[in-house]
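Trainee: Please take a close look at the nonpolar core for me. Then walk outward from there to the salt bridges and the sheets.

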Amino acid sequence: MPLALVVFVVGAASLGAEIAAARLLAPYFGESTFIWANTIATVLVALSIGYALGGRLADRDPRAERLGQIVVSAGVLLGAVPFVSRPLLHLAVGALSGISVGGFVGSLLAVLVLVSVPVLLLGMVAPFALRLSLEDPSSAGRVSGRLYAISTAGSLVGTFLAALVLIPFVGTHRTFLIFALALAVVGSAGLRRRYLLIPAVLVVLIAVPAGAINADAAGLGSVIYETETHYQYARVLEDATGIRYLQLNEGVAIHSEYVPGSYLTGNYWDDFLVLPFAGNPAPAARVAILGDAAGTTARAIGHFFPSTQVDAVEIDGDLSGIGERFFHLVRSPHLHLITADARPWLAASAERYDMIVIDAYRQPYIPFYLMTREFFASVLAHLTAGGVAIVNIGHPTGSDALEQAATRTLGSVFRNVARDPLTPTNTLVAASTVPLSGARLISALTRLPADLRPLAAQAASRLTRGLPGGQVYTDDRAPVEWLIDSSLLSYATGHR
């Protein structure tokens, strides 16, 4: 096998593995800058060690067969990553739920080590290939430059292949296996025939369906559908009574719910139906939902307020499809399902709304650009006079840091901010240019559908002023990751 091809494939696999590793960790630890920094640092450290060890081994044993064995070994270990890492990642989530910070951090480090070992072997290839290519010392510069150029080209191809083709269309699991197969094929070409068994095994593994990210449904029911979308892993659960739940990624939170024969869920989505009446006595004519998931809120608004125009925005269009298929979300002239990133979509829109729901935070990590003064200013600019913005804030039990920051930032744009502390882990924060009060909500009871009146009375009794504290977040400075990570650490260590 030509050395140039080996170097190209190794370069592609190195960067492809880095992209896939970040994706592998995202459902459990999020896609924060910390996760990317740890992943990149792990790859760089592993490559650096590999360069040093590869150079030494190449001087001691400069044989093409030895290089092939290194490449094949890297392929085998890379192919093992998605299988071995899965129980460790489950342990990490379980350790967090069980308040064991040692297990949580240890599991994360273990997965990073798993990725680092095959990457270390891939790092050994470049100096080894250079040593085998050098027949004349006077051509060292030209040969090394050519090999590094080929390696970098491979890295570029691997990056785009993983991010734009493999992960979206075949999934993270098979992305690791495909890069592993490529390494095994080029590495075994010059070896004995028995090494050809390794690519054959990897082909079989690629054909085997990937397992669910979290096989434990946490008592919510059985899995009736699961898929890996372009953005995340999603699954639908159904319990014995027919209630369905949408879980994403690690499965800690419920993102949509369907109760047979009802448009209410008994969960936080119901309060979106009544909370705007704390500021505006009239039903909303137009509503925007930023983060619609499978459409629980949109479906309920369509039933109780059939004349309301709803723009339901969801960045992951596959979730809207799941809503139509499993959550009885029905398209209508009054409901527009829009696949788009919430903030750019809002900035480009010329519409104004009586209510804007922001339910786009994905616990435990949230997109920082949906929690800044500039974003909330855009929300205000798209509200009608007296319109209300409502933000769903999920947080660990007893942790107010995220809500305080959101409230302070909202308060830098809106005159009035109020909170509805629904559960120990969910608070709805409402903001408007007009006063928000439980008394206003009570006065609107007679204008509400009968099924919503008890719900409105309960919300009115809980409604209070927004929490003090926190700091204003901006597009330039929004340390959401630090805030969330510190909250999770406090929760995991029992300091609440």
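Mentor: Start with the term. A nonpolar core is a set of buried Ala, Val, Leu, Ile, Met, Phe, Trp, Tyr and Cys residues joined through side-chain atoms within 4.5 Å. Buried here means under 20% relative accessible area. Keep in mind that this is a predicted model.

Now the core itself. The largest one has 42 residues. Two of them, V71 and L183, touch the most other members. Seven elements are listed as giving two or more residues each: α1 (3-29), α2 (33-60), α3 (64-97), α4 (101-123), α5 (125-133), α6 and α7 (197-207). Helix α6 gives the most, with 11 residues. As background, nonpolar side chains tend to be buried together in soluble globular proteins.

Stay with α6, because not every nonpolar side chain is hidden: V170, at 32% relative accessibility, counts as partly exposed. V170 sits in helix α6, which spans residues 140-188. V170 also belongs to a nonpolar patch on the surface. Its partners there are L156, V157, F160, L161, L164, V165 and F169. Together they make about 730 Å².

Next, the charged pairs. The structure holds 12 salt bridges. One of them joins the side chains of D59 and R131, with 3.5 Å from N to O. D59 is in helix α2 and R131 is in helix α5, so this pair links distant parts of the chain, 72 residues apart. D59 counts as exposed at 55% relative accessibility. R131 counts as partly exposed at 33%.

Another pair is D61 and R66. Their closest N and O atoms are 2.8 Å apart. D61 counts as buried, because its relative accessibility is 17% and the cut-off for buried is under 20%. R66 is partly exposed, with a relative accessible area of 26%.

A third pair is D475 with R343, whose side chains meet at 2.6 Å, N to O. D475 lies in the loop between β12 and α15 (480-492), while R343 is in helix α10 (residues 342-348). The bridge therefore ties together parts that are 132 residues apart in sequence. D475 is partly exposed at 32% relative accessibility. R343 is buried, with a relative accessible area of 18%. Back at D61, there is a network: salt bridges that share partners join D61, R63, E65 and R66.

Last, the sheets. An open sheet of 4 strands runs in the order β1-β2-β3-β4, with antiparallel pairing. β1 (222-228) and β4 (254-258) stand at the edges. Each has a single partner strand, so one side of each is left without a neighbour in the sheet. From one strand to the next, the twist averages 20°. Strand β3 (residues 244-248) is joined to β4 by 4 bridges. Across that pairing, Q247 stands opposite I254.

Another open sheet has 8 strands, in the order β7-β6-β5-β8-β9-β11-β10-β12, and its pairing is mixed. The edge strands are β7 (335-339) and β12 (464-465), each pairing on one side only. β12 runs antiparallel to β10 (residues 416-423), joined by 2 bridges. One contact to look up there is R419, whose bridge partner in β12 is T464.

Methods:
Residues numbered from 1 in each chain as written. Predicted model: local features only at pLDDT ≥ 70, side-chain atom pairs only at ≥ 80, totals over all residues. Heavy atoms only, no water. Pairing = 2+ DSSP bridges. Axes fitted to C-alpha atoms, helices over the stretch in contact; angles between N-to-C directions. Patch = residues over 30% accessible without salt bridge, like charges linked within 9 Å, V, L, I, M, F, W, Y side chains within 5 Å. Areas by Shrake-Rupley, 256 points an atom, 1.4 Å probe, with all protein chains shown as cover. Salt bridge = Lys/Arg side-chain N within 4 Å of Asp/Glu carboxyl O. Buried < 20%, exposed > 50% of the residue type's maximum accessible area, 1.4 Å probe, protein only.
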